[in-house]
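Student: I'm new to this one and would like to know where the labels come from. Could you show it to me and let me quiz you?

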Amino acid sequence: MKKILILGDIHANYPALQVILNYVREYRFDRIINTGDFTVYGTFPNETIQWFNNRKKTVCILGNTERRILRILKGKKLKRPKKEEKRVMYFWTSENLLPNNVKYLKSLPRQTDFIIGNIRIGVFHGTYDDENETLFPDTPETRFRKLAQDAPYRVHIMGHSHTPYYKIVDGVHFINPGSAGRMFDGDPRASFAILKIFSGEITAVHYRIPYPVEAMIKGLKQNRLPDIYAKMYRTGRKLN
Ligand SMILES: [Fe+2]
């Protein structure tokens, strides 16, 4: 039996990451996947990046937040997001990242794949052919079918929409773990998934667990970051 922990859109929510890891501490995972967007909005990007950098068997890719941070660090202009309260979070992150963590981000791919238990798995922030595409459970099935046909994977692991789903289309499994650190559905609990592979059988299960939201809010306050994000963490809603 191969066991894989799937995390995505952690958004520097290290308190949530710690709670998840504690919850699954009995498991011995063969891989830990991070679908990207593990920086920006929370004030713990260094702790979050370090955790992945210090582990073996992790499969990490860049999300749009990391791609933007790397642009800022190269001295390029940040075109999006346009809202000032969002931009401030990107600049705060880029100013506070430790050099070793910047180096780690620079080493990461935008998408990747691996084979485990004879199953080929692709890992994307958006989708196989569009890193900015956002898929939801109600995205027309034709789109999932096209991805199933075009890409050489039995399992697609994706992030970006902050919406948990598990769909099987034409024998291809599509899994979004939801957001570990910034859910938008009105339930502030952390979302993640566990994938199991046994003799060619694939199963995935989602989890939602509470984490200490106040630790995130304290981090925002200490760094004088916009109040709207405290409300976002408390309500589990996207407010801007
Ligand atoms: Fe995200």
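**Labels and what backs them**

Tutor: Let's start with helix 6 (residues 141-150), where Arg143, Phe144, Leu147 and Ala148 are buried. This is a predicted model, in which local features need pLDDT of at least 70 and side-chain atom pairs count only at pLDDT 80 or more, while totals for chains, interfaces and linings use all residues. Residues are numbered from 1 along each chain as its sequence is written, and side-chain values use heavy atoms, with hydrogens and water left out.

Student: What makes a residue "buried", and what makes a stretch a "helix"?

Tutor: Buried means under 20% relative accessible area, exposed means over 50%, and partly exposed is in between (1.4 Å probe, protein chains only). Helices (H or I, at least four residues) and strands (E, at least two) are DSSP runs, numbered from the N terminus.

Student: How do you know that the buried residues of helix 6 line one face?

Tutor: Look down the axis of helix 6: its buried residues fall within an arc of 140°, so they line one face. The arc is that of the directions from the helix axis to the C-beta atoms. On the face turned away from that buried side, helix 6 carries the exposed residues Thr142 and Gln149.

Student: What covers the buried residues of helix 6?

Tutor: The cover includes strand 6, strand 7 and strand 8 (172-176). Contact here means heavy atoms within 4.5 Å.

Student: What makes strand 8 count as mostly covered?

Tutor: Of its 5 residues, 5 are buried. Val172, Phe174 and Asn176 sit on one side of strand 8, with His173 and Ile175 on the other, so both faces are covered.

Student: How do you know that strand 8 pairs with strand 7?

Tutor: Two strands pair if DSSP finds at least two bridges between them. Strand 7 and strand 8 have 5 bridges and run antiparallel, and one of the partnerships joins isoleucine 168 to histidine 173 in strand 8. The two strands form a hairpin with 2 residues between them, and aspartate 170 in the turn has a positive phi of about 50°. Strand 6 passes the test too: 3 bridges join it to strand 8, in parallel, with isoleucine 157 partnered by isoleucine 175.

Student: Why is the site of the iron ion called irregular?

Tutor: First, the donors: these are N, O and S atoms within 2.8 Å of the metal (3.2 Å for Na, K and Ca), and water is not among the atoms, so sites may look incomplete. Asp9 (OD), His11 (NE2), Asp37 (OD) and His162 (NE2) lie 2.1 to 2.3 Å from the iron ion, and they are its protein donors. Four donors count as tetrahedral if all angles lie between 85 and 135 degrees; four count as square planar and six as octahedral if opposite donors are over 155 degrees apart and all others between 65 and 115; anything else is irregular. The angles among the 4 donor atoms here are 85 to 176°, and the site comes out as irregular.

Student: What do histidine 11 and histidine 162 tie together?

Tutor: Histidine 11 is in the loop between strand 1 (2-7) and helix 1 (14-23), and histidine 162 is in the loop between strand 6 (155-158) and strand 7 (165-169), so the pair ties together parts 151 residues apart in sequence. Both histidine 11 and histidine 162 are buried.

Student: What makes a group of residues a "nonpolar core"?

Tutor: That is a set of buried Ala, Val, Leu, Ile, Met, Phe, Trp, Tyr and Cys residues joined through side-chain atoms within 4.5 Å. The largest one here has 47 residues, and Leu5, Leu7 and Phe38 are among those with the most contacts inside it. Helix 1 gives this core its largest share, 5 residues. Another core, of 18 residues, lies apart from it and includes Val59 and Ile121.

Student: Is valine 40 buried or exposed, and what about serine 199?

Tutor: Valine 40 has a relative accessible area of 0%, so it is buried. Serine 199, at 67%, counts as exposed. Each has a positive phi although it isn't glycine: near 80° for valine 40 and near 45° for serine 199.

Student: Where is serine 199?

Tutor: In the loop between strand 9 (190-198) and strand 10 (201-209).
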